[in-house]
Amino acid sequence: MLYKFKSAVTADVIMLEATGRQVLQAMGKDSDPKGILLPEQMPQALLGLEAAAAADDALRAVQAATANSSGHASATDGISLRVRAVPLVAMVKRSAAADKPITWGV
């Protein structure tokens with residue numbers, strides 16, 4: 001399954017299911033196949049995304065330190081949540097400035 005986020009002021013943002021669920025939960029939304037993020041919900045959604053990205057960064061740092069100390073390859077070599085969320089964060093900021101909702105699955 002894919003999540004396709006749509007806004008009247010930006011291009012669509014498409015995410016794979018795992019990342020889509022993660023960002024929706026971070027924004028305080030259910031990971032339903034369809035939904036809407038209203039402009040008045042966007043400041044809190046941005047705070048949630050930042051908190052989730054910071055938590056992911058901290059976890060990756062611990063995992064990298066553990067891997068380095070044991071001489072094994074790091075399991076965190078993949079793309080971080082912070083990087084994966086950049087297009088959605090930009091969409092939320094532009095949509096909030098234009099007072100337009102973001103929808104997915106519709």
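How many bridges join strand β1 to strand β4? Three bridges do so, between residues 2-7 of β1 and residues 102-104 of β4, and the two strands run antiparallel. The legends below go through this predicted model view by view.

**Figure 1. The whole chain holds three helices and four strands.** Along the sequence the pattern reads β-β-α-β-α-α-β. The C-alpha trace spans about 50 × 25 × 20 Å along its principal axes. Of the 106 residues, 35% count as buried. The accessible surface comes to about 6100 Å², and carbon and sulfur atoms account for 59% of that surface. Contacts with a separation of 6 or more were also sorted by distance along the chain: 63% of them join residues 24 or more positions apart.

**Figure 2. Four strands build an open sheet with antiparallel pairing.** The strand order is β2-β1-β4-β3. Strands β2 and β3 stand at the edges, and each has a single partner strand, so one side of each lacks a neighbour in the sheet. On average, neighbouring strands are turned by 20° against each other, direction ignored. Helix α1 packs on this sheet and touches β1, β2 and β4. The direction of α1 makes about 110° with that of β2. Helix α3, residues 81-98, packs on the sheet as well, touching β1, β2, β3 and β4. For α3, the angle with the direction of β2 is about 145°.

**Figure 3. Strand β1 pairs with β2 and with β4.** A hairpin of five residues joins β1 to β2. These two strands pair in the antiparallel sense over four bridges. Lys4 stands opposite Ile14 in β2. Towards β4, Lys6 stands opposite Thr103, and Ser7 stands opposite Ile102.

**Figure 4. Side chains alternate along β1.** Which of them are buried? Tyr3, Phe5 and Ser7 are, and they point to one face. Leu2, Lys4 and Lys6 point to the other face and are not buried.

**Figure 5. A nonpolar patch lies on the surface.** Leu2, Ile14 and Leu16 form this patch. Together they have about 330 Å² of accessible area. Leu16 belongs to strand β2, residues 13-16. Leu16 counts as exposed because its relative accessibility is 58%, and exposed means over 50%.

**Figure 6. Arg21 and Glu17 meet in a salt bridge within one helix.** This view shows one of the five salt bridges in the structure. The N to O distance is 2.8 Å. Both residues lie in helix α1, four residues apart, about one turn of the helix. Arg21 is partly exposed at 31% relative accessibility. Glu17 is partly exposed too, at 27%.

**Figure 7. Asp56 and Arg60 form a salt bridge in helix α2.** Their side chains meet at 3.1 Å, N to O. The two residues are four apart in α2, residues 42-70, so about one helical turn separates them. Are these partners buried or exposed? Asp56 is buried, with a relative accessible area of 16%. Arg60 is buried, with 18%.

**Figure 8. A salt bridge links helix α3 to helix α2.** The side chains of Arg82 and Asp57 meet at 2.7 Å, N to O. Arg82 sits in α3 and Asp57 in α2, 25 residues apart, and the pair links distant parts of the chain. Arg82 counts as partly exposed at 31% relative accessibility. Asp57 counts as partly exposed at 27%. Glu50 joins Asp57 and Arg82 in one network, through salt bridges that share partners.

**Figure 9. Asp99 has a positive phi.** Most residues other than glycine have a negative phi. Phi of Asp99, however, is near 60°. Where does Asp99 lie? Asp99 is in the loop between α3 and β4. At 55% relative accessibility, Asp99 counts as exposed.

**Figure 10. Gly28 lies in the loop between α1 and β3.** Helix α1 covers residues 17-26, and β3 covers residues 35-37. Gly28 counts as exposed, with 63% relative accessibility. Gly28 and Ala85 are 57 residues apart along the chain. Their C-alpha atoms are separated by 15 Å.

Conventions
Residues are numbered from 1 along each chain as its sequence is written. This is a predicted model: local features need pLDDT of at least 70, side-chain atom pairs count only at pLDDT 80 or more; totals for chains, interfaces and linings use all residues. Side-chain values use heavy atoms; hydrogens and water are left out. Patches are made of residues with over 30% relative accessible area and no salt bridge: like charges are joined within 9 Å, nonpolar side chains (Val, Leu, Ile, Met, Phe, Trp, Tyr) within 5 Å. Accessible areas come from the Shrake-Rupley method with a 1.4 Å probe; for residues, only the protein chains shown count as cover. A salt bridge is a side-chain nitrogen of Lys or Arg within 4 Å of a carboxyl oxygen of Asp or Glu. Buried means under 20% relative accessible area, exposed over 50%, partly exposed in between (1.4 Å probe, protein chains only). Two strands pair if DSSP finds at least two bridges between them. Axes are lines fitted to C-alpha atoms, for helices over the stretch in contact, and angles run from 0 to 180 degrees between N-to-C directions. Contact means heavy atoms within 4.5 Å.
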